[in-house]
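Got your viewer ready? Load the model, switch on a surface, and we'll work our way from the outside in.

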Amino acid sequence: MACLSAPLLFCVKRSKPQLIVPSISTPHEQKPLSDIDDQGTIRVHIPVLMFYRNCVERRGEDPAMAIKEGLAKALVFYYPLAGRIFEGENRKLIVNCNGKGILFVEAKANVKLEQLSDKSMQPPCPYLKQLLHTVPGSKGIIDCPLLLIQVTRFTCGGFALGIRFNHTMMDAQGFIQFVNAVSELVQGASVPSIIPSWERGLLTARPTPTITYEHNEFKGFELSKTTRWWDFEKLLRTTKFINVQKLASDPCVFFSKNICHSLLIKRSFTFGSRELQAIKDQCPSSTTFEALSACLWKCRTIALLPDPNSTVLLTIVVNIRERLQDSKLPLGYYGNAIVLAAAVTTAKLLCSNPISYAAKLIREAKNAVNDDYVKSTIDLMVTSGRPRGTVLRNFLITDNSRFGYDDVDFGWGKPVIGGVYGVGYGVGFLVSHKMMEDTKGKLVALALPPLIMEKFQYELRKMTRAQK
């Protein structure tokens, strides 16, 4: 039994976790992941939530049972997801397709879906741990279930679907492809409309690896002593954490492990058509993603107040499915078909220029991604120990708003809201946010120290005010 007392007495009673295996026998074999799949940056689990209203046409039917049966059928086509990952030479990840299965939990809440406020259903959801409980021993990347699913029924007949997936196995587009396959099989299809394709060998390093780009997104930019102390003392002034000896010895590790997890507040920010247009008006030649990312990057950097001469980055996640010419990925490819690209400047230039300056840098970084860039990224992974992206001075933003999280229908209608619910320091997930009649809204949840969050909100209000 898990309870959260505020703002609603919300209790969830969970059944014992069970393993869902493919409904029929599947091949037992070992499949190497691609050299994009196993990079350090995406050796993480991604949490997803989808909230569904009661459907009178499905009265008496159990969504948990339907989804469980659909998962077993889908795993026949996506049988590597029922396996376990192990690590080979040079940190290479390989999936052992042994059919052990994915974790599934049924749960019941003590409230109606309607009792949850709209804000509490959007990231950062205060009930995430209740609706997607971490089963002990399941958090690892190696030798752990690759998916954890929890279906929580509300007293009104509505339900929440929580899914945590191992990012090394698939990206957002691949994940939605899998979930849509489940929904189709739940509703009577015998095969998914899109047949999954493995083909991870298309994204592996060349026989002679050749790094032809800077790849600033993986560089650990050096910090001068003055920059280090000036910057981190500002953060310490916003918190009660004062272990400066640990800070001085290894600022990167200190910052990510201590401040990030215990001294941050998490808030979501919504952008309707009016706010998005106000931002776009400041950089009319940019896309909505470029303009909004530039706005968030600038406001966040002003709030953090780094040394003006320090290097700052905005890292974006670029989908390469439509960009590759030499090695086109087949329809149904559900592995990670993404690379990181970074816009780089100094804090002074970013903060003193209009957001059109930042938007231009983002556009240039995105447009630089071509076949050669992808090959260079892959070769870097293999020759550099599959590194993580840089953390300091970096803000990573990814657009999950167009993949259709809020369109997945298992027969109970489309979700009230759905999307990625991960919130952490230095990362922003853009998700769709349909407000009233406004269907083109965006939402992003961020984590920052308290006083810096206040400054960020102040700067954001100024930036999204309609220009006169």
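How much area does the protein expose, and what share of it do carbon and sulfur atoms supply? This is a predicted model, and its exposed area comes to about 20500 Å², with 53% supplied by carbon and sulfur.

Now hide the surface and switch to cartoon. You're looking at 13 helices and 17 strands. Colour by burial next: of the 468 residues, 57% are buried. If you like contact maps, draw one for this protein. Taking contacts between residues at least 6 apart in sequence, 79% link residues at least 24 apart.

Time to go inside. Rolling a probe the size of a water molecule over the atoms shows where empty space is left. Across the whole structure, the search turns up 3 cavities of 30 Å³ or more. Our stop is the second largest cavity, which holds about 50 Å³ of space.

To see its walls, select Ile67, Leu71, Ile149, Leu161, Ile163, Phe178, Val179, Val182 and Phe410, and show them as sticks. Which classes of residue line this cavity? The lining has 9 nonpolar residues, with no polar and no charged ones.

Next, colour the elements behind those sticks:

- Helix H1, residues 63-77, gives at least two lining residues.
- Strand E10, residues 159-166, also supplies at least two.
- Helix H4, residues 172-186, gives the most, with 3 residues.

Finish by zooming in on H4, the top contributor to the lining of the second largest cavity.

Definitions and conventions. Residues numbered from 1 in each chain as written. Predicted model: local features only at pLDDT ≥ 70, side-chain atom pairs only at ≥ 80, totals over all residues. Heavy atoms only, no water. 1 Å grid on protein atoms, 1.4 Å probe; cavity = no way out; pocket = protein on both sides within 12 Å on 5 of 7 lines; lining within 4 Å. Points joined across faces, edges and corners; volume = space filled by probe spheres on them. Helix = DSSP H or I, 4+ residues; strand = E, 2+ residues; numbered from the N terminus. Nonpolar A, V, L, I, M, F, W, Y, C, P; charged D, E, K, R; others polar. Buried < 20%, exposed > 50% of the residue type's maximum accessible area, 1.4 Å probe, protein only. Contact = heavy atoms within 4.5 Å. Areas by Shrake-Rupley, 256 points an atom, 1.4 Å probe, with all protein chains shown as cover.
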